[in-house]
Amino acid sequence: MVSIEFWGGVGVIGSSKILISDGGHRVLLDIGLDIPGGKDYFRPPVRIRPERELADRLRMGGAPRLPGLFDPAALDAGDPLGEAAGETAVFVSHPHIDHVGLAGFVRPDVPVHAHTHAVDVLRALEATGEGLRGGDPDWHRLTDGQRTAVGPMEVECVAVDHDVPGASGYLVHTSDGVLAFTGDIRFHGRNAQRAWDFVTRAAGCEVLVTEGTTLGWEQRDNRFRTEADVERDFAALLESTTGLVLLSMYPRDIERVHAFLEIAAAAGRTVLWPSHTAAFLRLMGVESVMDAQDVDLSDVRAKPAEFVVVPDPADLPSLLDLPAGPDSVFVHANGEPLGPFEPRWEPFTDWLSALGIPLRQIGCSGHASQGDLHAMVERMRPGAVFPIHTTSPTRLHPPLGISRVIAEYGSSYDFAGRTR
Ligand SMILES: [Zn+2]
């Protein structure tokens with residue numbers, strides 16, 4: 001019998017880890033780190049001990065105690081988790097830390113897979129000093145539709161839409177039927193059709209494991225903001241601001257980077273990036289990226305209306321070198337710090353207040369709206385659905401005949417959704 005276990009993503013947004021075992025062979029879907037904030041014991045200002053990071057996390061319950069997954073070199077000497085435990089393979093849905101953050105600690109004989117565009121992002125991050133803790137594993141690159149055999153199972157990579165390149169869901173074909181996993185998914189982005197194609201390809205599956213991020217949100221707006229709204233608001237702010245524009249966006253969202261560069265150019269503004277971000281974007285094939293280091297600050301002070309500056313989120317005092325004040329604006333478009341749940345948010349907003357810089361938040365979500373999640377389940381009609389990666393899984397209400405299972409950490413389920 002095939003079993004499903006959840007070693008993360010239970011009652012929280014992020015840290016997804018789904019283990020599927022079939023005849024002694026194991027597939028692990030995602031291997032995330034807890035996202036900053038919440039109950040992460042290793043959040044700033046706690047200093048991580050690099051040599052002992054995994055062992056320390058395991059001691060504090062900040063990593064799953066799964067045997068035969070982690071590199072014995074990263075474990076305490078003699079930890080039984082270091083013993084091999086049957087064929088195991090890891091599949092990563094997308095290059096965000098809450099889905100890939102522990103991949104650097106996987107034992108060398110366990111292959112780690114991800115979509116080739118996701119691997120491009122992770123390799124570029126590694127090359128520019130922002131790689132995974134524990135170092136990159138030896139990535140196995142996948143393309144859309146590719147199937148990988150793991151014992152009696154086949155794991156099919158299916159591209160979806162999220163806010164980062166290479167985002168994928170997976171269809172795991174097992175002895176007891178198909179388990180579909182969304183990864184992180186949205187239906188209101190630039191590539192919405194990909195997400196709906198995933199739904200079509202997963203139709204009639206026995207088990208759906210879906211992210212449910214927005215189930216925990218109050219959605220007063222009838223309409224979810226889209227990338228078109230973000231671009232329109234960015235263009236309008238560039239138009240209406242007489243001084244310098246400051247910007248925070250997630251550099252891994254390469255499609256939005258391209259869009260913003262075009263909008264800024266059309267408004268006669270040059271975007272200046274921190275050095276490591278500029279290097280990352282160049283490796284990702286974004287042309288004409290300007291490193292702030294290569295521009296004379298006196299040019300920015302002389303003509304603030306000709307620039308958009310992306311400050312280093314870790315270097316708030318650098319704002320003091322810029323002509324930033326009440327006639328400028330800080331545009332926050334899903335960049336760092338990500339939001340009030342992060343310890344870095346309060347100092348960030350304190351600095352803006354002290355300098356009199358108005359803050360405008362214009363982002364849109366990388367996650368499916370509550371309505372789209374329900375439409376997905378209705379169209380896919382799985383036998384059972386497990387909402388994870390959410391604080392409110394009970395807000396998913398599938399149609400009659402589909403059982404909804406609220407997973408418990410470390411418990412084992414069969415393909416009918418029953419506890420084993
Ligand atoms: Zn996530």
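**Exercise 1. Determine how the axes of helix 5 and helix 6 are oriented to each other.**

Solution. This is a predicted model, in which local features need pLDDT of at least 70, side-chain atom pairs count only at pLDDT 80 or more, and totals for chains, interfaces and linings use all residues. Residues are numbered from 1 along each chain as its sequence is written.

Step 1. Locate the second helix: helix 6 covers residues 254-266. Helices are DSSP runs of H or I with at least four residues, strands are runs of E with at least two, and both are numbered from the N terminus.

Step 2. Take the axes, which are lines fitted to C-alpha atoms, for helices over the stretch in contact, with angles from 0 to 180 degrees between N-to-C directions. The two axes come within 10 Å and cross at roughly 30°.

Step 3. Classify the angle. Under 35 degrees counts as roughly parallel, over 145 as roughly antiparallel, 65 to 115 as roughly perpendicular and the rest as oblique. Helix 5 and helix 6 are therefore roughly parallel to each other.

**Exercise 2. List the residues through which helix 5 and helix 6 meet, and sort them by class.**

Solution. Step 1. Apply the contact criterion: C-beta atoms, placed from the backbone, lie within 7 Å. Helix 5 contributes Glu 227, Glu 231, Phe 234, Ala 235 and Leu 238, while helix 6 contributes Arg 256, Ala 259, Phe 260, Ile 263 and Ala 264.

Step 2. Count by class, with Ala, Val, Leu, Ile, Met, Phe, Trp, Tyr, Cys and Pro as nonpolar, Asp, Glu, Lys and Arg as charged, and the others, Gly among them, as polar. The contact has seven nonpolar, no polar and three charged residues.

**Exercise 3. Give the strand order of the open sheet of six strands and trace its pairings.**

Solution. Step 1. The order is 14-13-15-12-16-17, with parallel pairing; two strands pair if DSSP finds at least two bridges between them. Strand 14 (290-291) and strand 17 (359-361) are the edges, each pairing on one side only.

Step 2. Strand 13 pairs with strand 14 over two bridges, with Asp 291 as the partner of Trp 273. Three bridges join strand 13 (residues 270-273) to strand 15, where Leu 272 has Val 309 as its partner.

Step 3. Strand 15 (residues 307-309) and strand 12 (residues 245-249) share two bridges, and Val 245 stands opposite Val 308.

Step 4. Place helix 5 (residues 227-240): it lies across strand 12, strand 16 (329-333) and strand 17, at about 170° to strand 16.

Note on methods
Two residues are in contact if their C-beta atoms, placed from the backbone, lie within 7 Å.
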